[in-house]
Amino acid sequence: MQKRVLFFLFGLISFFVSAQGDVDEISQLIFEKTNALRLAKGKTPFKPLDSLNRLAQYHSDNMVAKAFYSHVDPEGLNPVSRAEKLGIQAWRRVGNTFIGIAENIAQVPWFENVSTCGDTRSAEALAECMVEGWKNSPPHYKNIMGDYVYLGVGIQFDKNKMGFGTQVFR
């Protein structure tokens, strides 16, 4: 019994060290893969923006900490209101129109056999699976191809090895 508990704890610690160490790498890969989709369609690549990275990471962290999966958090805040709460510019003027922040979210497990993705236990594979999911979802893909200039990315893992990814566009 004691060996099983130690083995479980070692496995859990190994996962968190491995996955948590890859969070920055996964975020960067998501950013790059998203820009590759835009470039393939002749679109201008997104520019990174630290404030949007913070906003995206905040939402991914919040989904894990408060155990929810939605664009609207338990406080009732949507992406624009979350940005405003955190003092992040939520609107961009294009001509006479104001465009608010848009958001994509996704869940992908750190697992060996994910439907349509296969083994996602590497930063590369998990990022590819997440971006491919957004590509295959018309509303998410519309955000990726939309009239946005900046992209922020965040990812966090829960205790069950589920990755919660967030993209924020402005």
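Four strands, lined up as S1-S5-S6-S4, make an open sheet with mixed pairing. The edges belong to strand S1 (47-48) and strand S4 (102-109), each of which pairs on one side only. Here, helices (H or I, at least four residues) and strands (E, at least two) are DSSP runs, numbered from the N terminus, and two strands count as paired if DSSP finds at least two bridges between them. This is a predicted model, in which local features need pLDDT of at least 70 and side-chain atom pairs count only at pLDDT 80 or more, while totals for chains, interfaces and linings use all residues. Residues are numbered from 1 along each chain as its sequence is written, and side-chain values use heavy atoms, with hydrogens and water left out.

Take strand S6 (residues 162-169), which pairs with S4 in the antiparallel sense over 8 bridges. Along this pairing, Ala102 sits opposite Phe169, and Asn104 faces Gln167. S6 also runs antiparallel to S5, with 7 bridges joining the two; one bridge pairs Gly152 with Val168 in S6. S5 and S6 make a hairpin with 4 residues between them, and Lys161 in the turn has a positive phi of about 70 degrees. S6 is mostly covered, with 7 of its 8 residues buried (under 20% relative accessible area, 1.4 Å probe, protein chains only).

Now for the helices. Helix H2 (residues 23-40) lies across S1, strand S5 (150-157) and S6, at about 140 degrees to S5. Helix H6 (residues 138-145) lies across S4 and S6, at about 125 degrees to S4. These angles run from 0 to 180 degrees between N-to-C directions, with axes being lines fitted to C-alpha atoms, for helices over the stretch in contact (heavy atoms within 4.5 Å).

Methods. Buried < 20%, exposed > 50% of the residue type's maximum accessible area, 1.4 Å probe, protein only.
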